[in-house]
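Good morning, and thank you for making time for this presentation. I shall go from the chain as a whole to a few individual residues.

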Amino acid sequence: RYSLFYNRLKNIEENEGGLDKFSKSYKTFGVNQFVDGGIYCKEWAPGAEAVFLAGDFNGWNPFSHPYKKMEYGKWELFIPPGQDGYPPVPHGSKLKVVIRAQNGELLYRISPWARYVVRDEDKVNYDWVHWNPPQSYIHKHPSPKRLKSLRIYESHVGIASPEGKVASYKNFTYNVLPRIKDLGYNCVQLMAIMEHAYYASFGYQVTSFFAASSRYGTPDDLKEMIDVAHSMGITVLLDVVHSHASKNSEDGLNKFDGTDSCFFHSGPKGTHQLWDSRLFDYANWEVLRFLLSNLRMWIEDYRFDGFRFDGVTSMLYHHHGIGTGFSGDYNEYFGLHVDEDALCYLMLANHMINFLHPECITIAEDVSGMPALCRPVAEGGGGFDYRLAMAIPDKWIQIIKELKDEDWNMGNIVHTLTNRRYEEKYIAYAESHDQALVGDKTLAFRLMDAEMYTNMSVLSPLTPVIDRGIQLHKMIRLITHALGGESYLNFMGNEFGHPEWLDFPRKGNNESYHYARRQFNLTEDHLLRYRFLNTFDRDMNKLEERFGWLASPPAFVSEKHESNKVIAFERAGLIFIFNFHPYQSYVDYRVVIWHGSLIVVFKYQILLDSDAAEYGGHQRLDHSTEYFSEEYPHNYRPNSLMV
């Protein structure tokens, strides 16, 4: 794998003048304005017989501005400035690349490199709009320094409002970012930013890779949003989709030059049978140029601080993970079923990002557990900084769905939370956007279900269902946060147990926006119990910010007691104790002190208590109590304390 990567990198150095120049192609491909006012256009369309540029600037004459055919399927066009010195293609004018296909048909296409596409309300397809304002947004604040502890708030701009509508970048900037900061998250991961024609695809059917979605506002609005986040010390990651592309041809990449290949594999190999989308040919030189340039554009133009790569499992294997289970056997990760070209692209991408922007972060969404995916490229690894611990939310769902409280297995919970590859960093999460979507259920919904609609008021009696749900919601999130990895992620709204699922407007729901929103207002109503969960989530993050357990070595688990239903562990100098027993409390319960001493007596106090009144608990513990270590052997350690 490293040899394949090295050879590709060497070819780029020898034939393209280096990775820096190669990945800067977004400045020359598409339609770009020169300083003197002239317009330089460049496309890659290997299957085209001829290429033209048409638009508002030439009265939509499809033949007046032909491109010149170059080597390797490239086409170039230069349009000189007008007599008055003004650019021949004004800012805001509509454009199309006109392709004469091999069968003679004229195809009107959006450039794959288009920076801004919009859709009129009375139209189905998107239009390409030349974006070149007289004065672009100027970033005022530097990017935050690389974080040691990542507390990620997974977000979608369009649903980030209690109102049933598509919310804007401006709304997110001034209403949501302060909330994220207050909750103690130091990183926001933005979904559905790359333009996607179908809103209900959650941004995972990308049509224009270089365009920020116009349904939320302009490119400058997004730049301002990121700049304001940086002013708050918040790192901003982009959910990037390079694993596949929409099958749209009128306003997407599909059949751009009239063939079924171009950016993709031809035939069945080029189509994902479950996602009904196109699959990139990662061995193709121009595909590498396109994807690497795409990453660099988002970093350098918009100031994103890194990426969460979606669908990595689909990229890594020719079977795309379809109908395949992964047990951890190394035969599953090495062999002819691995797409080495895709893996080499990921290595190139991470190498480029680390070389040009070492402060940036990359995350892999991989369910397979590919070894060394989060080790440096120089070691033959994939080069990612983090991978998602995707087994953890599945485990919580399975436990809540299938087991009675008294049957919860403490050892199995601990195993799932600690089962990760040595020296590869994992992002732990109890639930993400996947569990919030219609057809699935969030943890809060699984725990409290219909009673969330009737019994979440503090004026109504605290029913057993609501009481159990609130307490387990807090405990599950804390133990996942503290034990499950080297970073933590939460999807917007789930921190306070958002009462409804997420469903985008579509024919099946009469194009309703009712469920395509986040009801942040519920946490501001002091008569509702949602504020308890919200406050606990905030204080949990603030405590991590203070002690940094995510950046600390893995926890020492001292107890996973099956009959007592108790889990105890130590990390970052803190002792975490969880009592998952459905009805049994304990007094004088002895737990291990990992860093105890025969000479020094250590004093401990409660820092976070899920049973505290401000978190909707029963206030059964006295927070003024002091706990002292003693030389008393317990669980094979010489020191312990009583709680």
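Helices and strands here are DSSP runs, with at least four residues for a helix and at least two for a strand. With that in mind, please turn to residues 163–537, a span that is 33% helix and 11% strand. Its end C-alpha atoms lie 24 Å apart. An unreviewed UniProt entry places the feature "domain: Glycosyl hydrolase family 13 catalytic" at these residues. I should say at once that this is a predicted model.

Let me now describe the whole chain. Its secondary structure comes to 13 helices and 28 strands. The radius of gyration is 27 Å, close to the 26 Å that the globule rule gives for 643 residues, so the chain is as compact as a globular protein of that length. Along the principal axes, the C-alpha trace spans about 85 × 55 × 45 Å.

How much of the chain is buried? Of the 643 residues, 58% count as buried. As for contacts with a separation of 6 or more, 70% of them are accounted for by residues 24 or more positions apart. The chain exposes about 26,400 Å², and carbon and sulfur atoms supply 51% of that area. Turning to charge, the chain has 65 positive and 81 negative charges, and the mean positions of the two sets are 2 Å apart.

I now come to individual residues, beginning with I79. This residue is found in strand β5, which covers residues 74–79. Is I79 buried or exposed? Its relative accessible area is 6%, and buried means under 20%, so I79 is buried. Leaving aside neighbours within four places in sequence, I79 is in contact with G38, I39, L53, F57, H65, P88 and V89. By way of a distance across the model, I79 and L288 are 28 Å apart in space, C-alpha to C-alpha, and 209 residues apart in sequence.

A second buried residue is T416, at 14% relative accessibility. T416 is found in helix α9, residues 410–418. Which residues does T416 contact, leaving aside its neighbours within four places in sequence? They are A391, I392 and K395.

Next, a point of backbone geometry. Most residues other than glycine have a negative phi. Against that background, R303 has a positive phi, near 75°. R303 lies in the loop between α5 (285–300) and β17 (306–309), and at 33% relative accessibility it counts as partly exposed. H320 also has a positive phi, with a value near 60°. Where does H320 lie? Its place is the loop between α6 (312–316) and α7 (340–356).

Finally, I turn to Y632, in the loop between β27 (627–628) and β28 (640–642). Y632 has a relative accessible area of 42% and is partly exposed. Beyond its neighbours within four places in sequence, Y632 is in contact with R590, R637, P638, N639 and S640. Y632 and M492 are 140 residues apart in sequence, and their C-alpha atoms are 45 Å apart in space.

To close, I return to two of these residues: I79 is buried, in strand β5, whereas Y632 is partly exposed, in a loop. Thank you; I would be glad to take your comments.

Terms used: Residues numbered from 1 in each chain as written. Predicted model: local features only at pLDDT ≥ 70, side-chain atom pairs only at ≥ 80, totals over all residues. Heavy atoms only, no water. Rg over C-alpha atoms; globule rule 2.2 N^0.38 Å. Buried < 20%, exposed > 50% of the residue type's maximum accessible area, 1.4 Å probe, protein only. Contact = heavy atoms within 4.5 Å. Areas by Shrake-Rupley, 256 points an atom, 1.4 Å probe, with all protein chains shown as cover. Lys, Arg positive; Asp, Glu negative; His and termini not counted. Charge placed at Lys NZ, Arg CZ, Asp CG, Glu CD. UniProt positions renumbered as here; feature names shortened; annotations may be inferred.
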